[in-house]
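Visitor: Please take me through one part of this model closely. Begin with the covalent cross-links, then go on to the part itself and whatever is needed to place it.

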There are 2 protein chains.
Amino acid sequence: MDKRTTYCGLVTTDFVGQEVTLSGWVQKRRDLGGLIFIDLRDREGAVQIVFNPDESKEALAIAENVRGEYVITIKGKVVERAAAQVNTKIKTGAVEVLASSIEVLNAAKTPPFYIEDGVDVSDDLRLKYRYLDLRRPEMSNIIRKRHDIKRAVRNTLDDLGFLDIETPMLNKSTPEGARDYLVPSRVHPGHFYALPQSPQLNKQLLMAAGFDKYYQIVRCFRDEDLRGDRQPEFTQIDIETSFQSAEEIQTMTESLLKAVVKEAKGIDIPTPFPRMEYDEAMARYGSDKPDVRFGLELVDVADVVAESDFKVFTQAIEMGGQVKAINIVGGGAAYSRKQIDAMGEFVKIYGSKGLAWVKVEEGELKGPIAKFFDATKQAELIAKLDGHVGDMFVFVADKASVVAASLGALRGKVAKEMNLINEDELAFLWVVNWPLFEYDEEENRFVAAHHPFTMPNEEDVALLDTKPEAVYAQAYDVVLNGYELGGGSLRIYDSAIQAKMFKALGFTEEEARAQFGFLMDAFEYGTPPHGGIALGLDRVVMLLTGRDNIRDTIAFPKTGRASDPMTQAPSAVSAKQLAELQLDITEKAE
Amino acid sequence: MDKRTTYCGLVTTDFVGQEVTLSGWVQKRRDLGGLIFIDLRDREGAVQIVFNPDESKEALAIAENVRGEYVITIKGKVVERAAAQVNTKIKTGAVEVLASSIEVLNAAKTPPFYIEDGVDVSDDLRLKYRYLDLRRPEMSNIIRKRHDIKRAVRNTLDDLGFLDIETPMLNKSTPEGARDYLVPSRVHPGHFYALPQSPQLNKQLLMAAGFDKYYQIVRCFRDEDLRGDRQPEFTQIDIETSFQSAEEIQTMTESLLKAVVKEAKGIDIPTPFPRMEYDEAMARYGSDKPDVRFGLELVDVADVVAESDFKVFTQAIEMGGQVKAINIVGGGAAYSRKQIDAMGEFVKIYGSKGLAWVKVEEGELKGPIAKFFDATKQAELIAKLDGHVGDMFVFVADKASVVAASLGALRGKVAKEMNLINEDELAFLWVVNWPLFEYDEEENRFVAAHHPFTMPNEEDVALLDTKPEAVYAQAYDVVLNGYELGGGSLRIYDSAIQAKMFKALGFTEEEARAQFGFLMDAFEYGTPPHGGIALGLDRVVMLLTGRDNIRDTIAFPKTGRASDPMTQAPSAVSAKQLAELQLDITEKAE
C-alpha cells in the first residue's frame with residue numbers, strides 16, 4: 001500500500017468524507033469500550049485514528065498489539081468528531097480517521113523518555129538518543145525554524161547579488177586566533193591541514209578574485225575549552241564585499257537581520273540599529289556586547305569618592321584604577337543582607353576583590369561604607385547616581401578591566417533577579433570603533449582584538465609602530481540582547497599596512513611571510529578595498545527561538561567534553577590508520 | 001567618493017547621458033592621439049573608459065600611470081560611441097565613459113599569466129595564483145553557475161517540503177568504505193574524530209527522528225589516491241526521505257535535475273529517464289555508468305566462436321570467461337594497423353591480454369584472426385554484429401570483469417576518435433537493480449557495492465546468509481553521459497536484516513555492535529522505512545559547464561597530491577600543537 005496521501009498533522013475538516021493514507025508514529029493508544037484510539041504523529045502534528053469492529057475487525061486486532069512509537073501506516077475515512085469531542089487545542093482536533101486497515105512498519109521498544117515537550121531528562125541521555133529527543137515537537141520546531149532562517153538569509157543575499165561560494169575545509173594551520181583542529185595528511189606525512197576557524201583568508205582572496213559579493217553558510221571549528229554556548233563546530237553566516245564602506249556593510253546586515261526576524265518571529269524590527277562606540281559600551285555597560293533592554297548603567301564616581309576616607313576607593317584611584325557604581329533602583333528592599341553577600345561572591349568570579357554597597361534612605365546613605373562619606377559626599381553620590389529612597393548603590397573599585405567585567409556581569413544578574421528584562425524585546429545594537437589590539441597578559445604581547453586582517457582607522461595607521469594600544473579599527477559588532485551575533489570589519493588590502501600589523505603582533509618578517517605570504521602576494525596583484533561580517537547562525541537561531549544554549553539549535557551537537565554520547569566519537573582508531581598517517585600516540589596519552 | 005553606482009559590465013545605452021561611478025580592474029590600457037582608453041572590468045564585464053584633456057587633465061595624468069590589473073574608481077559621463085566604433089561583441093560595446101576623475105585604489109604587478117580565457121598555463125601556477133585564475137571570465141562564470149545550480153537545488157527541494165539540516169563534520173571513524181580523514185582530539189588524547197565520507201548515518205537518524213524529508217549541500221571527504229575527477233574534499237547534494245518507494249525517490253530526483261539543467265542551460269530535459277538494469281548495462285556497455293549517446297555496444301559472440309580453431313577464444317570460454325566484440329562501423333577505413341596496435345595496448349590497461357580484430361570486406365572477414373573462422377562462422381559473426389563492408393570488429397576474450405572493463409573503456413575511446421558523440425546531448429539514465437555486494441579480491445571478502453545500509457530486494461533477504469553474490473539491492477544510480485552523477489537506495493531499517501548484512505561483510509557481532517550499535521538501537525525505537533540519494537555537486541557543475549575536471553568547479557581545489565600550492569597546505573605544525581594532541585610523528589615521517 002502507498003504510504004501517505006497527506007501528513008497526519010494536516011488532516012483538517014477539509015478532508016471530511018475522504019479516504020486518506022497516513023504514516024507516522026503512535027503517540028498514544030487508548031482502549032475504550034471495544035474501540036481503540038491512536039494519536040498518530042508525523043512531522044506536521046498528530047491526528048486521532050479510531051479502530052472499531054464495524055470498520056475492520058482485522059485492523060482492530062492488529063491495533064491491539066501496537067505500542068507507543070510504533071511506526072504504522074493506516075488507511076481510513078476522515079469524519080467529523082461529535083461536537084463534545086472536538087479538541088480545539090490542535091489543528092486536527094475537529095476530525096478523526098476511521099481506520100479500515102493498518103500496517104505495522106516497525107515496532108518500538110519503550111523509549112527512555114517521553115516523546116513530548118518539557119521532559120526533564122539529562123543532557124547526556126538526550127544526546128545518546130538524539131533521534132528520540134528530536135522527535136519532541138519543541139526540538140523539531142527549532143530545527144525547522146533553523147531551515148526557515150537559513151532560507152531567509154539565502155533569499156535576501158541572493159537578491160542582493162551575493163554569490164554563495166564554497167571554501168575549503170582542509171586549510172593551512174595559522175598561529176593566530178584560537179586553537180586549530182588539525183587533520184594529519186597521509187600523502188605528506190608529518191604535515192597537517194587545519195579545519196577553518198573561519199574562511200577569513202579565503203573570502204578575502206575571493207574579493208581579490210573579483211567576485212565582489214560573497215556569502216556562505218559555513219561550518220567553522222575551534223578547539224577551545226567549551227562553555228555553555230560554545231561547540232567545537234559551529235555555523236557561520238559569512239559575508240564579504242568589495243568597494244563598500246563599513247556603513248554600507250552594516251546597512252546590508254540590518255536588512256538581512258530584518259528579513260531573518262520577520263521569517264522567524266513575524267515581526268518587523270526597526271532599522272537602522274543604534275550605534276555605540278566601543279569605549280562608551282565599556283564605560284556605561286562594562287561590556288562590549290551590552291544588553292540595552294534595561295538600565296543599571298555603570299556610573300564613574302571616582303571624582304566624588306577620591307577625597308573620601310574609604311581606602312579601598314582612594315587606593316584604587318591612586319593606582320590608576322576606577323571606582324564605578326550601579327544604582328539598583330528599588331534594590332534597597334529587594335535585596336537582603338545575605339543576597340548582597342552573594343553578590344559580593346559573584347563579582348569575585350570576575351576578579352574583583354569585593355563589592356561595596358549602600359542603601360538610600362531619607363536624605364542619607366545607610367550601610368557598611370556610608371560612614372566614610374560626609375553628608376556633602378553622600379548628597380553628591382545620590383545626585384550622581386540619581387538615587388531615591390529605597391534604591392541601593394553597589395560599587396566596585398579596581399583596575400578598569402575588572403570593574404567593567406564585575407559590574408557588567410552583575411547588572412545582567414540583577415536585571416534577571418529584579419525582572420527588569422522584557423523577554424519579547426529584541427534590542428539590536430552596533431558596537432563600533434573598536435581598539436585594533438588588546439594586550440594579552442599571559443603572552444605578554446598585543447593580540448588582534450578581531451583578527452590580524454582588520455583595517456586600522458586611517459588616521460591611526462602612523463601609530464601602529466609606536467603606540468599600538470591607541471590604534472582604533474574599522475570594526476563593528478552587531479549585538480542582540482547582550483549576545484554578540486557577529487562581528488566584521490574593513491580589511492587591510494595594502495601589503496605595507498599588513499606588514500606593520502604583523503610586526504605589531506610580534507611576527508618577524510620571515511614568520512609573516514611563511515604564514516601569510518600568499519595574502520601579501522595577493523595584495524600586490526590588485527586586491528580591491530573590501531570588508532565583511534560573520535554572524536553566528538547557531539546563536540541567531542538560539543535567540544530567535546528563545547533558547548539559552550546553542551546545543552538545542554544543532555541537530556547533532558557535542559557535549560561539553562566535545563564528545564558524542566550516541567556514536568561515542570571521538571574514538572580509538574586502528575593501528576593501520578595511525579601507521580598510514582605515520583603518527584604515534586605518546587605514552588602519556590596511552 | 002562612493003565607489004560604484006553600477007557594475008562596469010552593465011553600462012549599456014540605457015545609461016547614455018548619465019554620470020556613473022565605476023570600480024574595477026584595468027583589463028587593458030591604450031594611448032592614442034593624446035587620449036587614454038581603459039577597458040575597466042568587474043564581475044559583470046568590461047566597459048571602455050576614455051580619458052581626454054578636455055574632460056580632466058588631472059584624471060588623464062593619473063591614468064597615464066595606471067597598468068593592467070590596477071584597481072581604480074572612475075567617475076564620468078556615459079556617451080554613445082560613434083557607429084564605426086561600436087563593438088557588437090560585448091554588452092557595453094555601444095557606449096564609453098568620459099572620465100572626469102579617477103582614483104587608484106590599489107596598484108598591481110604584472111600578473112604571471114594573462115587575465116583572459118583560454119590561457120595556456122600549468123595547473124600548479126593557476127592554483128598558486130588562484131585569485132588571478134578566478135578573475136578569468138571562463139572560471140568566474142563556472143563559480144557563478146555553481147551558485148545558480150545550488151540555488152535551483154534548494155528552491156526545488158524547499159518547495160517539495162525538504163528541510164535543510166546540518167550534520168556534524170566531526171564524526172566517528174568507521175571501518176567500511178574509503179579511507180577516513182582523521183582529526184585528533186585534544187580533550188580525549190589518543191582518540192580521533194573522522195571527517196564524513198557522507199552524512200549517511202546522520203541522515204538515516206534524521207529519518208528516525210521523524211523529519212521525513214531531509215537535504216543538505218554538504219562537504220564530504222575521502223582520503224583516497226586522487227584521480228582526475230577526484231578531490232580530497234567534495235560537495236554532495238544529500239537527500240533522504242521516509243515512507244517513499246525507490247520510484248518516488250527517482251521521480252523526485254528527476255524533477256530536481258530537470259530544474260538544475262533548466263537553470264544551467266535553459267533547456268527542458270525529458271523525464272522520466274530511461275531505466276536500465278545493472279546486469280544489462282554491464283552486458284551491453286561493459287560499464288555500470290554507460291554513456292548511451294552512441295552505440296558501439298558489446299555483443300556476446302561466444303556461441304559463434306566456441307567451436308572455432310582460435311584457442312584464445314575457446315580457452316577463455318572453457319575457463320568460464322567471455323568473448324565479446326564491438327562492431328566499429330566504418331572502422332575498417334578509419335583505423336590504420338598502427339592505430340589498431342595502439343588499441344591493443346589501450347585495453348591492456350584494463351587487464352586484457354590483447355585485442356583481436358577483423359575487418360569486414362565483401363562477403364568475408366579479413367585480418368589476423370579471420371583464418372580461424374570458416375565461411376559459415378564468418379557469416380554468422382557478420383550477422384550477429386550487423387556488419388557491413390568497411391566495418392571493423394574488435395574482440396576481447398577473458399573473464400567477464402576484464403571483458404567489460406576493456407571493451408567498456410574502448411568504446412568510449414573509439415566514440416571520441418570517430419566523433420560519434422553529440423556534445424550537446426544530455427543522456428540521463430537510471431541504472432537499477434544492483435548487486436548488493438561485490439567481491440574484493442584483495443581483502444578476500446564481500447564488500448558492499450554501495451554501502452552496508454542498502455536494503456536487499458525483499459525476495460533475496462534469505463540468500464544473505466547463504467549466497468551473498470546472488471543478492472540484489474534496492475539501489476539506483478543516476479548516470480549522465482557516462483558519469484555517475486549520484487547513487488541511492490532504500491535503506492535497511494530492521495535490526496535483524498542489518499545484523500545479517502554486517503555478518504555477510506565479515507563483522508563479528510561485537511564489532512558490528514561497537515561500530516554501529518547506535519544505528520541498531522535506533523532501529524529498535526521506531527525507525528520508519530526510508531531511502532535517499534546523494535548527487536555529486538562538483539560533477540553536476542562540471543558536466544553542465546562543459547568541463548572535464550571537477551577542479552575547475554571548485555574555488556580553491558587541491559592538486560593531485562592533495563596540496564594547495566597557494567597556502568602550502570598541508571604544512572608542518574608546532575611542537576606545542578602536537579604536544580597538546582599527545583601525538584608524535586614517527587621517525588620515518590620525520
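Guide: A search over all chains of this predicted model finds 0 disulfides. A disulfide is a covalent bond between the sulfur atoms of two cysteines. For Cys220(A), the closest cysteine sulfur belongs to Cys220(B) and lies 17 Å away, which is too far for a bond. Cys220(A) counts as buried because its relative accessibility is 0%. Cys8(B) is buried too, with a relative accessible area of 0%.

The confidence values come next. Chain A has a mean pLDDT of 95, and 99% of its residues reach 70 or more. For the complex, the predictor gives an ipTM of 0.95 and a pTM of 0.96.

Chain A contains 17 helices and 23 strands. Its C-alpha atoms fill a box of roughly 90 × 75 × 55 Å along the principal axes. Of the 590 residues in chain A, 58% are buried. Counting contacts in chain A between residues at least 6 apart in sequence, 68% join residues at least 24 apart.

The part to look at closely is the open sheet of 8 strands in chain A, which has the order 6-9-10-22-21-20-17-11 and mixed pairing. Its edges are strand 6 (163-164) and strand 11 (275-277) of chain A; each has a single partner strand, so one side of each is left without a neighbour in the sheet. The partner of strand 11 of chain A examined here is strand 17 (residues 428-435) of chain A: the two run parallel and are joined by 3 bridges. Within that pairing, Met276(A) has Val431(A) of strand 17 of chain A as its bridge partner. Helix 5 (residues 200-208) of chain A packs on the sheet, where it touches strand 9 (213-221), strand 10 (233-242) and strand 22 (530-536) of chain A. The direction of helix 5 makes about 25 degrees with that of strand 10 of chain A.

Helix 16 (residues 537-544) of chain A has 8 of its 8 residues buried, so it is largely enclosed by the rest of the structure. Its buried residues are Leu537(A), Asp538(A), Arg539(A), Val540(A), Val541(A), Met542(A), Leu543(A) and Leu544(A). The list thus includes Asp538(A) and Arg539(A) alongside Leu537(A) and Val540(A). Just after helix 16 of chain A, Gly546(A) adopts a positive phi of about 70 degrees.

The other chain can now be brought in. A turn of 180 degrees with a shift of 0.0 Å along the axis lays chain A on chain B with an RMSD of 0.1 Å. This is the relation of a two-fold axis. The same surface serves both copies, since 100% of the contact residues of chain A recur in chain B.

In chain B, 8 strands again form an open sheet in the order 6-9-10-22-21-20-17-11, with mixed pairing. Strand 6 (163-164) and strand 11 (275-277) of chain B stand at its edges; each has a single partner strand, so one side of each lacks a neighbour in the sheet. Further in, strand 17 (residues 428-435) of chain B pairs with strand 20 (residues 472-480) of chain B in the antiparallel sense, over 7 bridges. There, Trp430(B) stands opposite Val478(B) of strand 20 of chain B. Helix 4 (residues 137-159) of chain B packs on this sheet and touches strand 6, strand 9 (213-221) and strand 10 (233-242) of chain B. The direction of helix 4 makes about 150 degrees with that of strand 9 of chain B. Helix 16 (residues 537-544) of chain B also packs on the sheet, touching strand 9, strand 10, strand 20, strand 21 (483-490) and strand 22 (530-536) of chain B, with its direction at about 140 degrees to that of strand 21.

Back in chain A, one further strand bears a close look. Strand 16 (residues 392-398) of chain A is mostly covered, with 7 of its 7 residues buried. In a regular strand the side chains alternate between the two faces of the sheet. Met392(A), Val394(A), Val396(A) and Asp398(A) lie on one side of strand 16 of chain A, and Phe393(A), Phe395(A) and Ala397(A) on the other; both faces are covered. Strand 13 (residues 322-328) of chain A runs antiparallel to strand 16 of chain A and is joined to it by 7 bridges. Lys324(A) stands opposite Val396(A) in this pairing. Strand 14 (residues 356-361) of chain A pairs with strand 16 of chain A in the antiparallel sense as well, over 4 bridges; here Ala356(A) stands opposite Phe395(A).

Note on methods:
Residues numbered from 1 in each chain as written. Chains lettered and ligands numbered in written order. Predicted model: local features only at pLDDT ≥ 70, side-chain atom pairs only at ≥ 80, totals over all residues. Heavy atoms only, no water. pLDDT = per-residue confidence, 0-100. Pairing = 2+ DSSP bridges. Contact = heavy atoms within 4.5 Å. Axes fitted to C-alpha atoms, helices over the stretch in contact; angles between N-to-C directions. Least-squares fit on C-alpha atoms with pLDDT ≥ 70 in both. Buried < 20%, exposed > 50% of the residue type's maximum accessible area, 1.4 Å probe, protein only. Disulfide = S-S within 2.5 Å.
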